Each structure stands twice: as C-alpha cells, then as structure tokens.
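User: Hi! I'm new to this one and would like a friendly tour. Could you show me the sequence and the structure before we start?

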Amino acid sequence: MADNEPQSPPTPAFSKDNDDMDNESGIEEKFIQNGVLLKKANATYISVLNAEGILTFGQCIKTNLHVFEWKPETCDITDSESLESGWSLVDPISRQPSPQQPAQPASIACPTSTVSGTGSSPSSRATSEEPATGAPTKAKLSIRVFLRDLKGLETHKDELRFYNHDHTVHSVYLFRQTSTSVLLQLLERFRCVRKSTHRKNFYRCIDDPDQDKLQKSFSELNIADIRARPRPRPYMDMLSKLANVQQILPIHRPASQSTLPGELRLSNLNARVQDAAADRHSTDESHGGVPVTDNGETNGTETRKLAPRPPVHRGLPLDAGTWEDVKCPNGSISDPERVKEIIFRGGIKQDIRAEVWKYLLGLDVWEHTTQQRDERRAHKTQEYFQMKFQWLTMTPTQEHNFTGYRERKCQIEKDVKRTDRTYEFFAGDDNPNLAKLQDILMTYVMYNFDLGYVQGMSDLLAPILSLVQNEAESFWCFVGFMHKVFANFDIDQKGMKLQLEHLRVLLSFVNERLFNYMRENQSENMYFCFRWLLVWFKREFSNSDIMHLWEVLWTGLPCPNFHLFVCVAILDQEMDVFIDGQFSFTEILKHVNELSGNLNLAAVLEQAESIYLQVKQTLDAASKESHHELRKIIGEQLSSSEGGTTGNTDEDEEDEEDSCMSIVNERSPEEKEILQRKLDEACDLSLSYMFF
C-alpha cells in the first residue's frame, strides 16, 4: 500500500468502555481468525502495529447490524462461557494454515457507536469515547467498526483493506495463517458484501438487519465453513417435483441426457452415476412395499420394493456370570465376537463395564493372558507418565516460544472448567477429577500433536474417566475412542462433511417422504445433525444412556456406520412432527436441539437396527451392480469394477501409519542403548543442577 494513500483514523474502543457495553448488548460471532497482523491503522494504534491479533466478525444481537473487531491475541481463562458452547462444531486450535474457524455463539462487547473514518456522520463520531488517561495498553486496545460504516473491502494477496465511505483507508490487516478469501466467501454467503463489477478484488459492503433466516440458522450452528447450499430456484424446484412423477409414470431418461444440477440429486457421492434419479427411492408411511427405481451403471432399469422393516427387540446386558464364562483359565477371552454380539444387543452391566471397556477400546487385548495383560498395562502406564513428564517439565521459555502448545493448553483449561460439571464426579470447586481430566487432555496433546486438542474432545473423555478413574488407563481408553472418531476432528472437517453426505444418502433411501420434505425446506444438508455426529450423541442422552450407546457403537456391529442409522431412526421418529407442523429449517433445528434428554434409547436402538436390516435385505435382493454408496455405508466389500473399495479407508490409513511408524521403530539395539544412556544422563544432570 502506498504511504501517501489517504487514511482516516478509526476511533479506538477500550476495555473500560467495553465493560459497560457488555452489559447492554453483545454480538454473535460468526467468524474468528487468529494470527491476523494489524499492518496499517491510525497513529493511535502504533503500539500494536505489526502485532498479531484476533479478527472477529459478528452480528449485534439487539440491532442485527454486523461488526468487525480486531484485538491483540491474549489467552484469557473465564468461567462466563456457556456449558454447551465451543463444541457444537469442530474448532481446531492450530497455527498451521487452515480454513476459518467458525466461532461458537458467545456474548462479547458490542459498541454503541461506530468506529469509523472521516466518512462517518458527526453524531456517530461524537459518541465515541477517548481514553481517560494516557495511551491504552496493548492488551486492552482494540478496533471495532460496523459493516454499514464501511464503503467496502479490498484484497491484495493476503492483505485485507477496510475503506470508509469517503474512500479513505480505515485499516489494513495481513492474514498470516489463511487466505482472505475464506472470510470473503463467508461474507458473500451471508450477503454482507457484493463483489464490484468495476473494480477488481473490491467488495461493496451491504448490511441488511433482516437477513435470510436460513443463513441465520447456519450461524447459530457454527457451520459457516461448510458450503451453504444455493437458494431454491422455482424453475428447478418444478423440475424436481416433475422427476417424482416416476412413481406413477415410468419416465426414464438416458444418463447422457441428464441436465439437472447437482443439488437436485439425492446423492452426489457416486461420480459414476450420471442419471440424477439413479438412487431415488420411495417409501410409504409404513416404509414397506413401495417401488424403488434403480439404474445402477447400466442403461437398463428395474423396479424393486423396499423390504419391510423386521421387528427388533433388545436383549439382556452382558453380566458378570457370562463374562466369567468366556474367560479361559489363562485369562484370555475365548469368544470375543460372542461378547460383542451380547453387548450390541443389551450393553454391559455397570459392575463389569469398566473392565470390558478396556477391551472394547484397545487397552486390553482379547487374546492376551492375565500375565500378558498385566505386562501391557504396566508398559502403557509407564508410557503415559513419560509423555506427561514431557509437558510438565516444559520451561516457561519453551512454552512462550511454542504457540501451538500454548493455545492448546489455553483451550483445554477453558473447556475442562465447563465439562459435565452437573455430574457428581466433576462437581464442586477444586475437584481433583478436573485436574485428572486436564492432565489426560494435555498428555494427549503430546501423544498426538498433529491433532492436539479440539473442542469437544473433553466431552468424549469425561464419561470414560468417571468410569475407569485410573488416570493412565483412562488415557489409553480415550486414545482408543479417538481412533474411532478421529475423522470428526479433521481441521478441514472433511470427515464430518462425508458423514453428513452419507446420512443424506441413507435417509433418501429409507424415508423419501421425509427427505423430500426436508429438501423442499432447504434442510436436506443435515446440518442440524452435526452435534449428534461430532460427539456421538453426548448431549442427547443422560450419562448412563450415553455409556450404553457408546459401548453398543464400539462393537462395530452390525456395520461400522451404525451411528448413522441411529441418526436416521431419531429423524424417522420425528417425521410427523416435522411435516404436520410444517417446520422450516430453523424450526427443525430448534426441535432437534430440544430432543436432548427426551429420547428413549432402547426405542431408538431398536428402530436403528430395524432400518439397517431393511436396507441390508433390500440390497441383498438388488443387483450387486447397484447402490454402491449404500453398500459402502453398510460396510460391504466392493471390487474395483463395482465401485472401488468400501467407504471406510481406515485400513489404508493404518497401513500408511504403520509404514511411518516402522521408520521410527527401526532402531537397532545399539541405537536404543545409546538413546537410553543419553536420557539417563540428561535426567541425572537435571537433578544435580536442581539440588546443587
């Protein structure tokens, strides 16, 4: 930017003023990006020029006006945040380049006046307060400006420039961790900016307080980073409804003549299927005996019926007697598959649950004898405390120079203080179990620093710790759980997006009436199920029920993606509520959130299994060349000519991981001896300098 470019000084907002404004109103955050450098601003901000900070974009709750805020990065730990905030969507704590991190709804100060340049009105400028005495400190200085008081935004490489209405520069920011396009795409989706047709890389600011309700619901769900679907178009809606006439008239079109856009297809996962109606199936209210049209990958078509849902009944839980029966004299488990089948049918009795969980989560090995099991636990305990020792002995200088570690530690401290505090095990101040929870999460950062810590992980650990209680054993059980849901916390949310798409495919197959209703109401993206999938229904059931549900899912029966059938079962139960009440997306979202604590787990599991059996029987009766995506979802093996491998790529990932680990583990005995000698020497020197 040229130095002689005109610039208008923004008026600072200070913490003293902010405290007063916090009591009056707040803003709902829609975008937060760390590592944003303040490159140019008024001389008032000279103390924070070229400093990294946090750029926030949000909407005032009272006025519905949008506002930007930049402030220097700090690490404050507070108790004021909502118990449920911060994990309804993946929010990675990472310094590496990443997509924007949509923020959980939180209440922060919203200015009563606009920080603007010379183009702002005199009245608005008059209401801005100046600091009482001296220059503000770096930690308290922040910049705020309403979107409506900006002429526009301009991008230049990784710079983002704010312009006042008189075309002077308000401020300039350098995005060091991600591209400015991430924020601009979000602003375009919320229709807060419009790209100029006359000036390259310039976006005119527009602020409509009455924005589309659907987009508002997206912001409430913190899913702004997931691609919003286009607004409905009447012409395409008409074509979509005409396509459903195939239930009455056998209308078929060659795949090469399909011109419908991707959003009108029931699934865009199968790139080999060129016909938009290839996987469209219909079902009546009883979900049986309705024709299903399937084109597969051939030019021919065939009509089949969706198999009826068989009745399913839950069984008895695994008890101590049965558990002892499957134990061999040497302590190994004789029939693990039978044990898993019993657990899937009825769960586990509380008195043996902690012991069995260690097998389900990989701490103990089914085939190990008692001696092997004890040796493995001892080795794992030593390994845990070795990793714990690493972060406990990190010096203040190391922590200061290790931003990624410091940010993870900060987030863990915040989340631990609000995790399951209503349960007795974590209730009360100075509860030692909270310290255990924090220590395990910090050690997991050292165990898997590529992932580190992501909001929501504390919710997965809490029930394990409350049951197992032993710190080291709880850690390794948590590691086993994270291995099953690792994709939920991908920094690009690829795993979550794929699960939502699989859920969409599954619902369209088993309950087309509900799916069509959701499509007509812009709800077929399944975003309202995000929380269910992220933390495996943790907030939907009581603590005892969630333990039962998790152990059922950990068995991997009857298919790896059974949790998707649980989602479909819940939606299936609520179908009449959605349709009879003519719920919009926002109302569906609200109703789904209100289901928390009001679901019957036994009924949900019975219906989920019944739906699975219905799908399995229908696919068994259909051609092996059809329904590739559904077959992947239920875990069927497909040859390369039938659509490639299964949807689960865990085995491939494990192979890659094993190949990488083999490099680490390929140490000769001499190398191991040298490494141990260096470790002993370092420990001895550390102790000697400590005491002498």
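User: Thanks! To start, how many of the nine residues of strand E2 are buried?

Analyst: Eight of them are, so E2 (residues 52–60) is largely enclosed by the rest of the structure. Keep in mind as we go that this is a predicted model.

User: Good to know. Which strands pair with E2?

Analyst: Strand E1 (residues 26–40) pairs with E2 in the antiparallel sense, over eight bridges. E2 is also joined to strand E3 (residues 66–72) by seven bridges, and that pair runs antiparallel too.

User: Can you give me a residue or two to look for there?

Analyst: Sure! For E1 and E2, find Ile-27, which stands opposite Cys-60 in E2. For E2 and E3, look at Leu-55, whose bridge partner in E3 is Trp-70.

User: What sits between E2 and E3?

Analyst: The two strands form a hairpin with five residues between them. One residue to find in that loop is Asn-64, which has a positive phi of about 65 degrees although it is not a glycine. With a relative accessible area of 26%, Asn-64 is partly exposed.

User: Why point out a positive phi?

Analyst: Most residues other than glycine have a negative phi, and most peptide bonds are trans. Another residue to look at is Asp-430, a non-glycine residue with a positive phi near 55 degrees. Asp-430 is in the loop between helix H11 (403–416) and helix H12 (432–447).

User: Is Asp-430 buried or exposed?

Analyst: Asp-430 is exposed, with a relative accessible area of 78%.

User: You mentioned trans peptide bonds. Where is there a cis one?

Analyst: Look at the bond that joins Leu-557 and Pro-558: it is cis, with omega about -10 degrees. Pro-558 lies in the loop between H18 and helix H19 (562–573).

User: Let's change topic. How many residues does the largest nonpolar core have?

Analyst: That core has 117 residues, and those with the most contacts inside it are Trp-323, Phe-528, Phe-562, Phe-565 and Leu-571. At least three of its residues come from each of domain 2 (350–488) and domain 3 (494–634). There is also a second, separate core of 31 residues, which includes Val-36, Ala-41, Trp-70 and Phe-162. You met Trp-70 earlier as the bridge partner of Leu-55.

User: Is there a general idea behind such cores?

Analyst: In soluble globular proteins, nonpolar side chains tend to be buried together.

User: What does Trp-323 touch?

Analyst: Not counting residues up to four places away in sequence, Trp-323 touches several residues, including Ile-333, Val-339, Tyr-359, Trp-366 and Glu-355.

User: Glu-355 is a charged one, right? Which residue does Glu-355 form a salt bridge with?

Analyst: Its partner is Lys-327, and the closest N and O atoms are 2.9 Å apart. Glu-355 lies in helix H8 (residues 350–360), while Lys-327 is in the loop between helix H6 (320–325) and helix H7 (336–346), so the pair ties together parts that are 28 residues apart in sequence. Glu-355 is partly exposed at 25% relative accessibility, and Lys-327 is partly exposed at 23%.

User: What other salt bridges involve helix H8?

Analyst: Two to look at are Arg-353 with Glu-551 and Lys-358 with Glu-473. Arg-353 lies in H8 and Glu-551 in helix H18 (residues 543–554), so this pair ties together parts 198 residues apart in sequence. Both Arg-353 and Glu-551 are buried.

User: And the Lys-358 pair?

Analyst: The closest N and O atoms of Lys-358 and Glu-473 are 2.8 Å apart. Lys-358 is in helix H8 and Glu-473 in helix H14 (residues 471–485), 115 residues apart. Lys-358 is buried, with a relative accessible area of 10%, and Glu-473 counts as buried at 15%.

User: What else is in contact with Lys-358 and Glu-473?

Analyst: Try Arg-377, which is in contact with Lys-358, Asp-364 and Glu-473, leaving aside its neighbours within four places in sequence. Arg-377 is in helix H9 (residues 370–392) and counts as buried at 18% relative accessibility.

User: How many salt bridges are there overall?

Analyst: The count comes to 30. Lys-39, Glu-154, Glu-159, Arg-161 and Arg-199 are linked in a network of salt bridges.

User: One last stop: which residues of helix H21 are buried?

Analyst: In H21 (residues 585–594), the buried ones are Phe-585, Ile-588, Leu-589, His-591 and Val-592. Seen down the helix axis, they fall within an arc of 165 degrees, so they line one face of H21.

Definitions and conventions
Residues are numbered from 1 along each chain as its sequence is written. This is a predicted model: local features need pLDDT of at least 70, side-chain atom pairs count only at pLDDT 80 or more; totals for chains, interfaces and linings use all residues. Side-chain values use heavy atoms; hydrogens and water are left out. Buried means under 20% relative accessible area, exposed over 50%, partly exposed in between (1.4 Å probe, protein chains only). Helices (H or I, at least four residues) and strands (E, at least two) are DSSP runs, numbered from the N terminus. The arc is that of the directions from the helix axis to the C-beta atoms. A nonpolar core is a set of buried Ala, Val, Leu, Ile, Met, Phe, Trp, Tyr and Cys residues joined through side-chain atoms within 4.5 Å. Domain bounds come from an automatic or database domain assignment. Contact means heavy atoms within 4.5 Å. Two strands pair if DSSP finds at least two bridges between them. A salt bridge is a side-chain nitrogen of Lys or Arg within 4 Å of a carboxyl oxygen of Asp or Glu.
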